[in-house]
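Colleague: I have just been handed this one and have not looked at it before. Could you walk me through it?

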There are 2 protein chains.
Amino acid sequence: MAPSPLAQKAERTSAAESQDLQIPDSFRDLVGYYLRIAQEASFQAISKGTSAEDLKPGWYTLLTIIAENPGLPPSDISRLVGRDRSTLTSTMKLLNARGLISRRRNRADQRSYGVRLTVEGEAMLEKLRRIARAHDARLDAIVGADKAHFIAILRRIAEELGDENGPST
Amino acid sequence: MAPSPLAQKAERTSAAESQDLQIPDSFRDLVGYYLRIAQEASFQAISKGTSAEDLKPGWYTLLTIIAENPGLPPSDISRLVGRDRSTLTSTMKLLNARGLISRRRNRADQRSYGVRLTVEGEAMLEKLRRIARAHDARLDAIVGADKAHFIAILRRIAEELGDENGPST
DNA sequence: TATTGTTATACTCTATAACTATA
DNA sequence: TATAGTTATAGAGTATAACAATA
């Protein structure tokens, strides 16, 4: 439950009249708070760009991972994205139904299968990549010169806080 | 669907052997990606600290807003947090049931009521504040010297991207 | 007619547990 | 026994639409 940024003031009745409804002072210096609203805004922006084409935002991550690790089984993918393997089943089914991925039974271990992008999958990934890049270009403009430094900080946050709560498990 | 950071490599079969399963290269320079994993790590960390005491992380935001705008009606609160007002009903009921807030009918407008913290609510907010501050102290240590600059960037992201997709509505 | 709080409903994302077929 | 993929189910968190009371 993160307050959205820019919650325009409501010129309502009651206390709203006397006080200028804004981001509470207590939040003004909290990194976590701004981390949240920034992420939320970014996610919204990219969702908007993709949903128009009937693409789920999460697919980008998945297709990218598959593209860079052809033949990876769902279990490994789930570990990579830090989600339980059960959460991947329906998405894989969907991606398969849309012809974006192929699932090939593993000869050595009949329990699992390897996932690969089809030609359509590559095309879709390319499309998503363009959207993501365009979005990130906007972020670049906003972030400014020290993008590398900015990302380094974000990475550190993820790594140092993430150590306790593992990726999923 | 954000990949968690630090997804430990899976030494599986198939492609996993040849490739070092890691964050895909394509993500390495995407601000949005790191924004996401950092936010996720931060949220997890604070969730962990609070859930132990049976406190929802989202309550902190709500209680803070109520504390800083005593007498505010739910409608205004929902606008502030950028969520639909219907999503607040159950939480308000819960907060009320736990004696953390009081709901007082508005004399002037019988449709609405003003929300205030009770003494217990203040105490709870204090507790949450301590947790949040401790968490943020860790973030401060990670972020380093230019915290102000870092937050400024996050704010800009929220504001400039947030302009298109309004807070809620 | 419009607004407030509420309810009913649904959708997304996620998790846990149990099932199956392998290993 | 243990693992891979699946299924069933549940729980947050959110949204939309509609309703009663009030404005």
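Modeller: We can take the DNA strands in turn and then a pair of helices, keeping in mind that this is a predicted model.

Colleague: Fine, which residues are the closest to DNA strand C?

Modeller: There are 22 residues surrounding DNA strand C, and the closest are Arg83(A), Ser86(A) and Gln110(A) from one chain, with Ser75(B) and Arg111(B) from the other. Of the atoms of DNA strand C that come within 4 Å of the protein, sugar and phosphate account for 62%.

Colleague: What lies 2.6 Å from a phosphate oxygen of that strand, DNA strand C?

Modeller: That is a backbone N or O atom of Gln110(A). From chain B, Lys93(B) has a polar side-chain atom 3.0 Å from a phosphate oxygen of DNA strand C, and for a polar side-chain atom of Arg103(B) the distance to a phosphate oxygen is 3.4 Å. The elements giving two or more residues to the surface near this strand are helix 5 (86-97) of chain A and, in chain B, helix 4 (74-81) and helix 5 (88-97).

Colleague: And how do the residues of that surface near DNA strand C divide?

Modeller: They divide into ten charged, seven polar and five nonpolar residues.

Colleague: Switching to DNA strand D, which residues come nearest there?

Modeller: Around DNA strand D there are 22 residues, of which Pro74(A), Ser75(A), Arg111(A), Arg83(B) and Gln110(B) come nearest. Here sugar and phosphate make up 65% of the strand's atoms that come within 4 Å of the protein.

Colleague: Which side chain has an N or O atom 2.4 Å from a base oxygen of DNA strand D?

Modeller: That side chain belongs to Arg111(A), whereas Ser75(A) places a polar side-chain atom 2.5 Å from a phosphate oxygen of DNA strand D. Tyr113(A) also has a polar side-chain atom 3.4 Å from a phosphate oxygen of the strand.

Colleague: Which element gives the most to the surface near DNA strand D?

Modeller: Helix 5 of chain A does, with three residues.

Colleague: Leaving the DNA, how do helix 3 and helix 4 of chain A cross?

Modeller: The axes of helix 3 (residues 57-68) and helix 4 of chain A come within 11 Å and cross at roughly 120 degrees, and the two helices of chain A are therefore oblique to each other. Their crossing is right-handed.

Colleague: Which residues meet there, between helix 3 and helix 4 of chain A?

Modeller: Thr61(A), Leu62(A), Ile65(A) and Ile66(A) in helix 3 meet Ile77(A), Leu80(A) and Val81(A) in helix 4. By class, that contact has six nonpolar residues, one polar residue and no charged ones.

Methods
Residues are numbered from 1 along each chain as its sequence is written. Chains are lettered from A and ligands numbered from 1 in the order in which they are written. This is a predicted model: local features need pLDDT of at least 70, side-chain atom pairs count only at pLDDT 80 or more; totals for chains, interfaces and linings use all residues. Side-chain values use heavy atoms; hydrogens and water are left out. A residue is near a molecule or strand if one of its heavy atoms lies within 4 Å of it. A polar contact is a pair of N or O atoms within 3.5 Å; within protein, one must be able to donate a hydrogen and the other to accept it, and residues adjacent in sequence count only if both atoms are side-chain atoms. Helices (H or I, at least four residues) and strands (E, at least two) are DSSP runs, numbered from the N terminus. Ala, Val, Leu, Ile, Met, Phe, Trp, Tyr, Cys and Pro count as nonpolar, Asp, Glu, Lys and Arg as charged, and the others, Gly among them, as polar. Axes are lines fitted to C-alpha atoms, for helices over the stretch in contact, and angles run from 0 to 180 degrees between N-to-C directions. Angles under 35 degrees count as roughly parallel, over 145 as roughly antiparallel, 65 to 115 as roughly perpendicular and the rest as oblique. A crossing is left-handed if the near helix is turned anticlockwise from the far one by less than a right angle, and right-handed if clockwise. Contact means heavy atoms within 4.5 Å.
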